[in-house]
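Me: I've got a two-chain model open and want to talk it through. Could you take my questions as they come?

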Number of protein chains: 2
Amino acid sequence: MTTFISEAESAALVDDDLALEAAREAFLATRTGSTFPVVIGHTSLPHTRFTLKSGSAGELAGVKIGSFWPDNTDLPRHSSTIVLLDPATGRLSAVVEAAAANAHRTAAADALAVDTLARKDSRTLTIIGTGHQALHEVRAVSRVRPIERVLVVGRRADAALEFAAAVTAQTGLPAELADAEAGVSAADVLVTATTAQQALFDANWVTPGTHISAMGADGPGKQELPVALYGRASLFCDLPEQSRAIGEFQHAGSATPVALGAVLAGAATGRRSPEEITVFDSSGFALQDLTLAAALLRRLSSGASE
Amino acid sequence: MTTFISEAESAALVDDDLALEAAREAFLATRTGSTFPVVIGHTSLPHTRFTLKSGSAGELAGVKIGSFWPDNTDLPRHSSTIVLLDPATGRLSAVVEAAAANAHRTAAADALAVDTLARKDSRTLTIIGTGHQALHEVRAVSRVRPIERVLVVGRRADAALEFAAAVTAQTGLPAELADAEAGVSAADVLVTATTAQQALFDANWVTPGTHISAMGADGPGKQELPVALYGRASLFCDLPEQSRAIGEFQHAGSATPVALGAVLAGAATGRRSPEEITVFDSSGFALQDLTLAAALLRRLSSGASE
């Protein structure tokens with residue numbers, strides 16, 4: 001029997017704990033699972049976009065269809081549908097609409113990187129970007145470290161102020177605006193969540209011991225981090241090959257990033273000292289979607305949301 | 001709202017008329033629609049296979065997930081799920097399980113080619129191959145031409161006899177076994193539906209005026225037709241680029257096949273004379289699946305199956 005979880009149901013089922021555990025499972029699964037080529041399609045309106053990300057690991061196999069419809073006004077511009085196949089038969093097993101859950105999933109990957117790589121005593125979180133996803137990033141990251149204040153760096157002061165208010169409303173943390181130099185240099189954890197195509201700050205502003213999670217770069221030409229940073233930082237990512245092809249590390253020259261899954265599995269070293277600068281690039285992969293869908297299905301069947 | 005059509009429902013809704021009209025719509029849509037790269041995935045059992053075929057045309061956009069699980073015994077080894085997106089919003093619109101309907105869809109493409117390219121007075125249909133799909137091919141083709149007898153060419157006599165009996169049971173037509181030379185030389189319409197990797201017959205056996213529909217070749221190395229045929233035949237296919245990459249015409253050298261959609265639209269010429277030999281290669285494309293799903297949804301909502 002096929003299980004169907006609607007957008008309203010998945011939005012009610014998901015939370016940061018579920019997303020974080022699904023992310024951990026997904027990153028560990030990168031060690032043995034498979035990820036297949038990403039397809040980018042469109043409708044007869046060429047500025048629409050749907051992306052197929054497929055993979056398999058253990059008992060999971062399926063595809064995430066992510067949509068970006070820029071003209072949507074009443075509905076979110078992003079939507080997401082995860083289709084799981086029954087590994088025993090190949091037949092349809094579950095369909096999970098997961099637009100809201102997808103934002104948790106993406107933030108959870110960065111939170112997992114922070115939990116794995118940032119200094120335990122990280123207290124200042126700086127966020128560059130003031131969009132919908134950025135708010136999820138702040139909430140998820142602030143749960144894995146003893147964050148005491150949030151610095152908000154945005155291009156538009158009105159949007160940044162509104163964002164800072166939303167941060168405080170969601171997390172209880174004080175949030176204040178900062179310019180890029182002040183925000184970057186004060187950060188213990190720096191998260192970038194923009195659609196930038198060039199570096200957002202000067203590498204010299206980054207102080208020793210900072211952890212940086214970059215989640216905005218997911219296509220050729222996108223860039224958030226300064227190239228000069230790579231000479232003095234240790235690089236980590238979800239899928240090294242993909243990160244160097246379409247992620248932030250397309251700009252990192254010959255540097256070889258370490259897979260976060262290897263660090264989680266104890267097969268590679270994470271942070272080596274309190275002074276080290278660590279950088280994590282998230283380009284996104286299908287196993288995150290498959291483990292998210294499986295976690296939502298488990299929670300549905302356990303009735304934990306009721 | 002998302003509409004879900006289960007395997008049992010789609011199997012009850014589909015018939016040859018619906019599949020033929022959906023095929024016609026799909027082939028016409030190749031003129032303006034888009035087809036995106038095919039992805040072939042597998043589970044942690046590497047001999048399983050799932051294939052993602054995506055595309056868009058007009059109001060349709062989505063993906064077909066086709067599965068091939070060779071170890072299935074109680075269930076069919078092939079299954080199929082079609083996911084449609086709402087073109088206005090990008091959100092999930094419908095999920096259609098369509099394993100049984102998929103066999104109709106594939107046969108309908110070959111029947112459409114026969115209807116477009118074969119001589120109107122085609123009376124002898126020869127089928128090479130005695131599998132599940134071959135039976136669908138015979139039934140669909142015999143509906144578009146005044147077929148009076150079916151010749152069955154198979155490697156194993158017992159399977160061929162059983163197949164011939166099934167042909168008569170399904171179509172009412174007399175069906176008899178033939179060797180390849182007798183079957184090919186007597187054919188007005190010749191359909192090949194095998195998993196062969198080399199030519200199934202000698203090009204000299206093909207008589208003037210024959211139409212050939214080849215549906216078995218859908219991957220590198222697969223082959224059903226003799227290369228010597230191409231010097232004396234006119235070539236047609238679903239998607240010329242794909243047919244030359246992974247279809248039968250990967251063996252056709254520099255010959256340029258004509259898209260059947262162009263013939264249907266009146267933009268290219270089909271059969272030019274009663275003596276011409278026409279060859280159609282079907283490699284399969286996503287728009288067939290999208291139009292099939294849309295036709296099933298229309299029939300569901302019209303209640304025509306009740």
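Reply: Sure, one term up front: buried means under 20% relative accessible area, exposed over 50%, and partly exposed in between (1.4 Å probe, protein chains only). Helices (H or I, at least four residues) and strands (E, at least two) are DSSP runs, numbered from the N terminus. This is a predicted model, where local features need pLDDT of at least 70, side-chain atom pairs count only at pLDDT 80 or more, and totals for chains, interfaces and linings use all residues. Residues are numbered from 1 along each chain as its sequence is written, chains are lettered from A and ligands numbered from 1 in the order written, and side-chain values use heavy atoms, with hydrogens and water left out.

Me: Why is α9(A) largely enclosed by the rest of the structure?

Reply: Helix α9 of chain A covers residues 286-302. The buried ones include A:Leu287, A:Leu290 and A:Leu297. It is largely enclosed because the buried residues number twelve of the 17.

Me: Which residue follows α9(A), with a positive phi?

Reply: The helix itself reaches 24 Å from its first C-alpha to its last, close to the 24 Å expected (1.5 Å times one less than its number of residues). Just after it, phi turns up positive, near 65°, at A:Gly303.

Me: In β15(A), what is the bridge partner of A:Phe236?

Reply: Strand β13 (residues 234-237) of chain A runs parallel to β15(A), joined by four bridges; strands pair if DSSP finds at least two bridges between them. On the other pairing, β12(A) is also parallel with four bridges to β15(A), and A:Ile212 stands opposite A:Val279. In β15(A), A:Thr278 and A:Phe280 point one way, A:Val279 and A:Asp281 the other, and all are buried. The partner of A:Phe236 is A:Phe280.

Me: Is B:Ser142 buried or exposed?

Reply: B:Ser142 lies in helix α4 (residues 132-142) of chain B. Beyond neighbours within four places in sequence, B:Ser142 is in contact (heavy atoms within 4.5 Å) with B:Ile147, B:Thr171 and B:Leu173. Its side chain also reaches the backbone oxygen of B:Arg139 at 3.0 Å. With 17% relative accessibility, B:Ser142 counts as buried.

Me: Which residue of chain B comes closest to the rotation axis?

Reply: Chain B can be laid on chain A with an RMSD of 0.1 Å by a turn of 180° and a shift of 0.0 Å along the axis (least squares on C-alpha atoms of residues with pLDDT of at least 70 in both). That is the relation of a two-fold axis. At 3.8 Å (C-alpha), the chain B residue closest to the axis is B:Val39.

Key. Polar contact = N/O pair within 3.5 Å; in protein donor to acceptor, adjacent residues only side chain to side chain.
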